[in-house]
Amino acid sequence: MATLLLSAAGAALGGTVGGTLLGVSSVAIGRLAGATLGRAIDQRLLGQGASAVETGKVERFRLTGASEGSAIGQIYGRMRVGGQVIWATEFLETSSTSGGGKGGPARPRTTTYSYSVSLGIALCEGEISQVARVWADGEEVSLETLNMRVYPGSETQLPDPKIAAVQGAENTPAFRGTAYVVMEDLALEPFGNRVPQFTFEVVRPAQNGTLDAPKDMADAVQAVAMMPGTGEYALATTPVHYDAGYGVTASANVNTASAQTDFSVSLEALGDQLPNCKSTSLIVSWFGDDLRCGSCALTPRAERNEADPADMPWRVSGISRTEAELVPLDGDAHPIYGGTPTDQSVTEAIQAIRASGQEVMFYPFILMTQEEGNTLPNPYSGASGQPVLPWRGRITTSLASGVPGSPDKSASAEAEVAAFMGSAQVGDFAVSGEDVSYTGPADTGYRRFILHYAHLCAAAGGVDAFCIGSEMRGLTTIRGAGNSFPAVEALITLAQECRAILGTDCDISYAADWSEYFGYQPQDGTGDVFFHLDPLWASPEIDFIGIDNYMPLSDWREGFEHLDAAAGAIYDLDYLTANVQGGEGYDWFYHSQDAREAQIRTPITDGAYGEPWIYRYKDIRSWWSNLHYNRLEGVRSDDETAWLPGLKPIRFTEYGCAAIDKGTNQPNKFLDPKSSESSLPYFSNGLRDPLIQMQYLRAMATYWNDAANNPVSEEYGASMIDMTRAHVWAWDARPYPYFPGLT
């Protein structure tokens with residue numbers, strides 16, 4: 001096209017000049033010149049002709065950030081830094097040629113140039129735990145595309161092999177004490193064939209402590225709970241995409257610059273940031289719809305019932321998306337919860353955690369779905385309307401103990417518990433490879449929930465520990481005829497059945513609430529004391545005592561007039577450590593909220609038999625190291641329960657403290673505006689306070705890692721409390737800071 005246009009233009013220009021040159025008219029000369037220029041342009045644009053074409057050729061490069069004598073930065077926490085280039089190779093030019101050849105129409109010979117470079121960039125003084133994110137010219141890039149190795153800056157790190165290969169081993173420093181990265185053969189084409197300006201998000205905890213005397217959370221944490229336990233694909237390691245219509249897809253579980261799923265990114269960060277963590281509790285949720293156990297249907301739920309993603313259709317216990325109930329929606333028609341994780345994602349998560357070198361504890365979780373304005377009878381009052389999104393620990397009989405008309409202590413209570421448990425049997429499940437489906441009669445009971453996941457964990461290759469339930473305090477304290485505890489009996493049966501499925505290499509237990517593990521005192525004026533969980537704890541199929549431990553470590557108020565003010569500050573480690581087995585719940589209690597406001601403390605005593613520890617929920621050591629005797633109407637039984645002193649180890653299946661003002665006053669409290677359980681800790685102003693969370697973890701680790709406080713059992717030859725499997729609440733499967741940064 002340019003040949004024709006410029007040929008015509010040249011002829012017109014020659015015509016205006018007129019005359020001849022060596023017998024050739026000026027028109028012809030103009031046409032020839034225009035055609036020659038046009039042909040050259042056509043060959044470039046259209047690839048016509050056989051002239052050689054070169055693309056991507058670069059004559060000069062410039063390195064990013066290389067300054068002699070620059071100071072080495074010192075950082076703590078999480079910070080974005082630019083770094084300094086401390087080593088680089090020459091630029092490697094690679095060319096590839098295509099086109100040319102003989103026969104047929106002439107084709108241009110095209111030579112394409114690409115470039116790569118290897119470079120080392122110093123970040124800061126070590127020792128860091130992770131390079132979490134990288135930006136190139138202000139745009140976040142996937143770490144997987146950079147072929148990057150991270151050297152944390154330890155005093156024992158070895159020289160980089162690429163630098164040693166180029167410089168020679170004898171000329172290669174290890175840069176000990178300096179955190180740096182090496183990018184090997186970094187392709188420059190994505191950056192316009194130049195070295196971009198890199199910046200790095202560096203994470204550096206104050207790792208100067210030990211397990212016995214931790215300086216921060218990175219030292220103290222040896223196990224975590226992986227939450228939230230909901231999200232259809234939140235646990236998947238396979239990227240999943242929804243059909244968003246008109247040829248558009250939306251990612252269900254990739255929300256970072258990495259090509260990895262959110263769970264994979266989070267698990268990698270866990271390994272980097274918590275180097276002492278060796279066990280992860282994998283939370284998976286089903287949903288209950290009623291606090292009355294005899295009326296409560298327990299089911300997996302989906303977030304939506306439209307077409308499934310092709311990469312991983314949603315399926316749980318044989319229930320497909322179109323068959324599943326949906327989680328409740330908020331006022332904007334958004335799901336209040338994520339859906340139950342699809343079975344395939346749970347399998348992937350189990351395998352990924354174990355592949356990372358962590359143990360896996362499977363942790364079943366019940367979330368409740370009661371919405372604002374429901375008319376369900378409230379078992380705690382008999383009135384219409386149950387609390388919004390309540391705690392599973394409030395599931396009880398149709399009318400709770402102490403409410404007029406309650407079936408507690410009767411055969412009717414036993415029947416309600418049996419209805420909650422359901423009728424699913426071990427043989428009602430079909431296992432094909434890693435797929436588990438339910439083949440029994442229609443059932444929405446608790447047994448189906450637990451047995452399904454026992455089969456799924458076994459099919460996934462096994463787990464290290466399996467909980468048959470968690471924090472069902474209102475259920476386990478239901479009494480049948482003759483002061484029996486039917487829910488406890490049902491859990492014993494479940495433990496036996498799960499053992500048959502999971503084998504002897506898996507540790508099995510129940511995760512009791514801290515207000516539940518040690519016994520049941522009805523507070524009905526009878527003086528009754530029951531060690532109601534002892535038959536379960538003593539069962540041969542139970543391997544450890546599980547406690548979700550959120551016991552208070554402080555009783556702090558504003559000002560300097562309150563009873564604990566002599567400690568100087570709520571953050572004082574000696575003050576918090578002394579309250580691990582001391583203070584409220586050990587030495588004294590508040591008999592009412594008015595007494596709490598006035599700090600009227602009632603000593604915990606036992607004038608009848610000299611066993612005050614039976615009323616002390618904090619006195620774990622005495623509970624563990626003594627025989628237990630029930631009391632009916634205040635009279636101590638002559639016969640001990642099935643528990644023997646030091647019989648089994650204790651694990652904190654959950655423990656933790658919110659990062660909120662005065663969080664240690666009431667570590668079990670959390671803020672969630674959707675839930676009726678949302679509450680601030682006692683006397684908290686509600687401001688964020690990460691320091692109190694860190695001090696809580698330091699106090700717990702300092703106290704329980706001290707052999708004087710954590711005796712060794714003669715029964716099993718190890719410590720009373722296994723802190724290597726004390727699971728801190730919580731590590732988020734949604735990677736920070738993308739969550740909560742991305743709405």
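This text goes through one buried glutamine, the nonpolar cores and one sheet of a predicted model. Residues are numbered from 1 along each chain as its sequence is written. Local features need pLDDT of at least 70 and side-chain atom pairs pLDDT 80 or more, while totals for chains, interfaces and linings use all residues; side-chain values use heavy atoms, without hydrogens and water.

Gln 370 is found in the loop between strand S22 (359-368) and helix H7 (411-421); helices (H or I, at least four residues) and strands (E, at least two) are DSSP runs, numbered from the N terminus. With a relative accessible area of 3%, Gln 370 is buried (under 20%; exposed is over 50%, partly exposed in between, 1.4 Å probe, protein chains only). Beyond four places away in sequence, Gln 370 touches residues including Asp 289, Leu 376 and Pro 390 (heavy atoms within 4.5 Å).

A nonpolar core is a set of buried Ala, Val, Leu, Ile, Met, Phe, Trp, Tyr and Cys residues joined through side-chain atoms within 4.5 Å. The largest has 125 residues, of which Tyr 446, Phe 466, Trp 537 and Phe 652 touch the most other members. Helix H10 (residues 486-502) gives the most to this core, with ten residues. Apart from it lies another core of 27 residues, among them Ile 75 and Tyr 115.

An open sheet of four strands runs in the order S4-S12-S8-S9 with antiparallel pairing; two strands pair if DSSP finds at least two bridges between them. Strands S4 (77-81) and S9 (139-141) each have a single partner strand, so one side of each is left without a neighbour in the sheet. Five bridges join S4 to strand S12 (residues 198-204), and Met 79 stands opposite Val 202 in S12.
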